[in-house]
Each structure stands twice: as structure tokens, then as C-alpha cells.
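Me: I'm new to reading protein models. Could you walk me through this one, question by question?

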Amino acid sequence: FYMLILSSASMMLNSVSQEKENRTMELLLSSTKPIELYLGKLLALGLAAFLQMIVWLTVGVLLMRSLGQTFSLGAGAQIPLKVIVLAVPCFLLGYAIYGSLMAGLGALAPNLKEANQFSFIITLPLIFCMVVLGNLMSDPNGPMITFLSIFPLTSMIILPTRVAIVNVPWWQIALGLALLLVTAVFVVRAVANLFHAQTLLTGRKFKLNEFFQTLLKPEKV
């Protein structure tokens, strides 16, 4: 999930930034509305990433079955169905959040090089998920891991992993998904308001604090 969300979000950043640099964005804006351009990119790249996730899950299931038959790994070597069911909304909402943040970064940054310099800041919560992997495996019901499975910027990775390891209370799953959905809707709407010609075609220097201020107080297009 870390790799899938990160790679799909990076695709969104590269797409928006490169089209700004090579002036393709100006041609696109002459024939479509900025909001339609943004939503089209988000849905198209999201669909491609979703299909990739399905392929990875399918290969994982087949591989586990094959290894179980060959090396007798036992009943524990499997991907529970509940994890696969939970993986779908977690991945889609996670992509909507990070894909939109990357799109907003690409919309405000004057070029791809400068956008890549700040993309690390946006993906820090995802990277932190990998840092606490040891804690997740050793103490999946600990207070820190429980919080990260509910916190919307990390829950899309931590929550399905917890469900695969231990029995997670239903209210924590419901709360994690609810906060993930609310955050995704907010971020998508905030970034959508950044997609207008005045923002997309500007060449001013990018400032990270202005980026987050704009997201928190988006102007109505």
C-alpha cells in the first residue's frame, strides 16, 4: 500500500507539473474547465492505480496459496478476506488524499524540480508508517498504533495491517474509515479550488506555508 499510494500520487504530481512546464496546460485549459481537468486526472490515474492494486492483491493471494502448498506455511500464511474488503476503500480514499495533495503541489509549484523538493514533506506520514512497522508487528493494539490506525493520514496503511494481525474493535474500523472519508472529501474540494488559470499558469516561487494556508482556506472558484 505504501508503494502503491506513493507511486500513484507521484504520477499525479509529475503529470500536473510536466504539463505546466511544457505549456500543455494552456492548451488543455482552452478546451476544458480547470475543475474538469483536475477531476479527470484524479479519476483516470486513480483507476489505473486501483487496477494495479487488484493485480498485486491477486498475485499475493495466488503466491501465498502456492507457497503454502509447497513449503507448508500453515493456516497463518494467507490474506484474510476482511483485509481485502477493507483494502479497497482504504486505498481509494488514501489515493484521493495524497493524489490530491500532490496535484495541488504541482499546481502551485512553478516546475517539477521545485515540486519534487517539497513532495517529501507531504509524504512524511506515509514514511512514518514504515518507521513504526516494528511497533505495529510487536504491539498492534498499542496506543500509538491504535492512534495511527485512526489518524486519516496514516490509517489507509496501518488500519488494514492491524486487521490482518489482530481483531480490531469495529468502532475503531468505522471511525478510521469515517475520518478517512471526511479528510478525502475536504482535501479533494480544497485542491479542486486551486485548479484555475490564475494558479496553474503562474510562475511565482513556491512557498510551503502558502500551500497549506491555501488548502485550509480555499477560495471558491
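**A first look around**

Reply: Sure, starting with one residue: valine 55 has 47% relative accessibility, so it counts as partly exposed. Here buried means under 20% relative accessible area, exposed over 50%, and partly exposed in between (1.4 Å probe, protein chains only). This is a predicted model, where local features need pLDDT of at least 70 and side-chain atom pairs count only at pLDDT 80 or more, while totals for chains, interfaces and linings use all residues. Residues are numbered from 1 along each chain as its sequence is written, and side-chain values use heavy atoms, with hydrogens and water left out.

Me: Which helix holds valine 55?

Reply: Val55 belongs to a nonpolar surface patch with Met3, Trp56, Val59 and Leu63. A patch takes residues with over 30% relative accessible area and no salt bridge (a side-chain nitrogen of Lys or Arg within 4 Å of a carboxyl oxygen of Asp or Glu); like charges are joined within 9 Å, and nonpolar side chains (Val, Leu, Ile, Met, Phe, Trp, Tyr) within 5 Å. Four residues of the patch, its largest share, come from residues 34–71, and the helix that holds valine 55 is α3.

Me: How many helices and strands does the protein have?

Reply: Helices (H or I, at least four residues) and strands (E, at least two) are DSSP runs, numbered from the N terminus. Along the sequence, the pattern is α-α-α-α-α-α-α-α-α-α-α-α. That comes to twelve helices and zero strands.

Me: Which helix gives the largest share of the largest nonpolar core?

Reply: A nonpolar core is a set of buried Ala, Val, Leu, Ile, Met, Phe, Trp, Tyr and Cys residues joined through side-chain atoms within 4.5 Å. The largest one has 58 residues, and Tyr38, Ile97, Tyr98, Leu101 and Met156 have the most contacts inside it. Its largest share is 15 residues, from residues 81–108, which is helix α4.

Me: Is serine 119 buried or exposed?

Reply: Serine 119 sits in helix α5 (residues 112–122). Leaving out residues up to four places away in sequence, Ser119 touches Leu13, Met102 and Leu105, where contact means heavy atoms within 4.5 Å. Its relative accessible area is 13%, so serine 119 is buried.

Me: Why is the pair of phenylalanine 147 and phenylalanine 151 called stacked?

Reply: Rings of Phe, Tyr and Trp (its six-membered ring) pair if their centres lie within 6.5 Å; planes under 30 degrees apart count as stacked, over 60 as edge-to-face and the rest as tilted. The whole structure has one aromatic pair. The ring centres of phenylalanine 147 and phenylalanine 151 are 5.5 Å apart, and the pair is stacked because the planes are at 20°.

Definitions and conventions:
Areas by Shrake-Rupley, 256 points an atom, 1.4 Å probe, with all protein chains shown as cover.
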